[in-house]
Amino acid sequence: MHIIVRRAAIGFGSPVLSSLCASRLTGSRRLSTMAEPVVFNKPKVELHVHLDGAIRVQTILDVAKRRGISLPRNSIEEMTQRIIVEKPGSLTEFLGKFAEYMHVIAGDREAIQRIAYEFVEDKAKEGVIYVEVRYSPHFLANTKVDPIPWNQNEGDLSPDEVVHLVNMGLQKGERAFNIKARSILCCMRHMPSWSMDVVELCKKYRHEGVVAIDLAGDESLNCEAYPGHRMAYEEAVRCGIHRTVHAGEVGPASVVKEAVEVLKAERVGHGYRTLEDQALYKRLLAEKMHFEVCPISSKLTGACDPDFTKHPVITFMKDKANYSLNTDDPLIFNSNLHLDYSTAHKYMGFTEDEFKRLNICSAESCFLPDNEKKELLYRLYEAYGMMQTTAF
């Protein structure tokens, strides 16, 4: 398929796919319905969002009740208030929020399928037509994982079955909401013993929805000191598994350099600190390295200056870098993708043309097979009014 495109006229609030995009998330996830404007009411691609950071609060309450798990709060409003980060803090503080609710979901087959299905529904409401959602299968398991996370008792749900259950939930959501969803499996920097398991799961499920491997967690734990990660990524390269790495979020530019040179990352999660090493930045710019940018997240985790007018993505935009806009963990940040886009528009000078460009970059940098990637690009060009002629 060959696509010829032209630049589309600027026009915020276009009715394209308005029926898909107009619906906003309600109190089922968030403390209150936020009134942020939908500044880009067109199809979007999201590449950096964590499944365990995108769960509905109502679902947490429902599962806790069914499983007989006591929670410190029993209403949506009170539990949301306990989970969310409301002001800039540290990455450590942010990561601590998962302990408030992950023990409710982990180890429960019904809950894991449910959160995957509901995730797809929520993304469809945000106008997303393709999403890559990431998670650690070990963090949702309660057997064949050492140590067992979240103070769970030994059970019978392995990381392997977790991946199968998430795949089932995502696929059910795809059929129900006309959106394509794929998953990325996360290694954790503090648990190098899990990493070879993760790459083996990527290999096993590569034709059932898993498209890549990721490395997340404390960036001070480098791969020289923890060779398990390097070995897993070497196996991923050998087997043709796509690779992304959290790097340069709060860690220095050297972590980004390690990600691309040692782990052979094809995309960088966050990557803001790359700008501290101009030689590295210019090199990655020339190589069209993709940066998975998360504006709201970067403020509330303390990764970037809380003044959005000083955000590194403004430099990425001006330099026509290859990047995407993403939510990261919308549950914990009490946000959705519309808020990230409206923030970029209001404080960073983003135009509709730039939103179109970054979504096309996102599609080009996604981990779909080439034929599916072409179909995705075709859908974007058509929806953006950039189609001129097509030849097959």
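# Exercises on a predicted model

The largest pocket has a lining of 25 residues, and those nearest its centre are Leu-95, Phe-98, Phe-139, Met-188 and Gly-217. Bear in mind that this is a predicted model. Open the structure and work through the tasks below.

## Exercise 1: the largest pocket

Task: Find the volume of the largest pocket, and work out which helices or strands supply its lining.

Solution.
- Step 1. Start with the volume, which is about 460 Å³ for the largest pocket.
- Step 2. Now look for elements that give at least two residues to the lining: α4 (91–96), β3 (128–135) and β4 (180–188) each do so.
- Step 3. Pick out the top supplier. Helix α4 has the largest share of the lining, with 3 residues.
- Step 4. Sort the lining by class, and you get 12 nonpolar, 6 polar and 7 charged residues.

## Exercise 2: the nonpolar core

Task: Locate the largest nonpolar core and follow the contacts of Leu-325.

Solution.
- Step 1. Count the members of the largest nonpolar core: there are 124 residues.
- Step 2. Ask who has the most contacts inside this core, and the names are Tyr-323, Leu-325 and Phe-350. Helix α6 (residues 109–125) is the element that gives the most to the core, at 7 residues.
- Step 3. Zoom in on Leu-325 and skip its neighbours within four places in sequence. Its contacts are then Val-45, Val-293, Pro-295, Val-313, Leu-337, Tyr-341, Ala-344, Phe-350, Phe-355 and Leu-358.
- Step 4. Step back to the whole protein. Of its 392 residues, 59% count as buried. Take the contacts between residues at least 6 apart in sequence, and 74% of them join residues at least 24 apart.

## Exercise 3: backbone oddities

Task: Find the cis peptide bond from Asp-146 to Pro-147, then compare the settings of Trp-150 and Asp-328.

Solution.
- Step 1. Check omega between Asp-146 and Pro-147: the value is near 0 degrees, and the bond is cis. Pro-147 sits in the loop between β3 and α7 (159–177).
- Step 2. Stay in the loop between β3 and α7, where you'll also meet Trp-150. Trp-150 isn't a glycine, yet its phi is positive, at about 60 degrees.
- Step 3. Go on to Asp-328, in the loop between β9 (322–325) and α14 (330–333). Asp-328 is another residue other than glycine with a positive phi, here near 70 degrees.
- Step 4. Is each one buried or exposed, or something in between? Buried means under 20% relative accessible area. Trp-150 has 24%, so it is partly exposed. Asp-328 has 2% relative accessibility, so it counts as buried.

## Exercise 4: Val-63 and its surroundings

Task: Place Val-63 in its element, judge its burial and trace its contacts.

Solution.
- Step 1. Find Val-63 in helix α2 (residues 57–67).
- Step 2. Apply the cut-off for burial again. The relative accessible area of Val-63 is 2%, so this residue is buried.
- Step 3. Leave aside neighbours within four places in sequence. Val-63 then touches Val-104, Ile-105 and Ala-111, each a contact.
- Step 4. How far apart are Val-63 and Glu-110 in sequence and in space? They are 47 residues apart along the chain, with 8.8 Å from C-alpha to C-alpha.

## Exercise 5: the overall tally

Task: Count the helices and strands, and describe the accessible surface.

Solution.
- Step 1. Run along the protein and you'll find 17 helices and 10 strands.
- Step 2. Turn to the outside: the accessible surface comes to about 15,300 Å². Carbon and sulfur atoms hold 51% of that surface.

Methods
Residues numbered from 1 in each chain as written. Predicted model: local features only at pLDDT ≥ 70, side-chain atom pairs only at ≥ 80, totals over all residues. Heavy atoms only, no water. 1 Å grid on protein atoms, 1.4 Å probe; cavity = no way out; pocket = protein on both sides within 12 Å on 5 of 7 lines; lining within 4 Å. Points joined across faces, edges and corners; volume = space filled by probe spheres on them. Helix = DSSP H or I, 4+ residues; strand = E, 2+ residues; numbered from the N terminus. Nonpolar A, V, L, I, M, F, W, Y, C, P; charged D, E, K, R; others polar. Core = buried A, V, L, I, M, F, W, Y, C linked by side-chain atoms within 4.5 Å. Buried < 20%, exposed > 50% of the residue type's maximum accessible area, 1.4 Å probe, protein only. Contact = heavy atoms within 4.5 Å. Areas by Shrake-Rupley, 256 points an atom, 1.4 Å probe, with all protein chains shown as cover.
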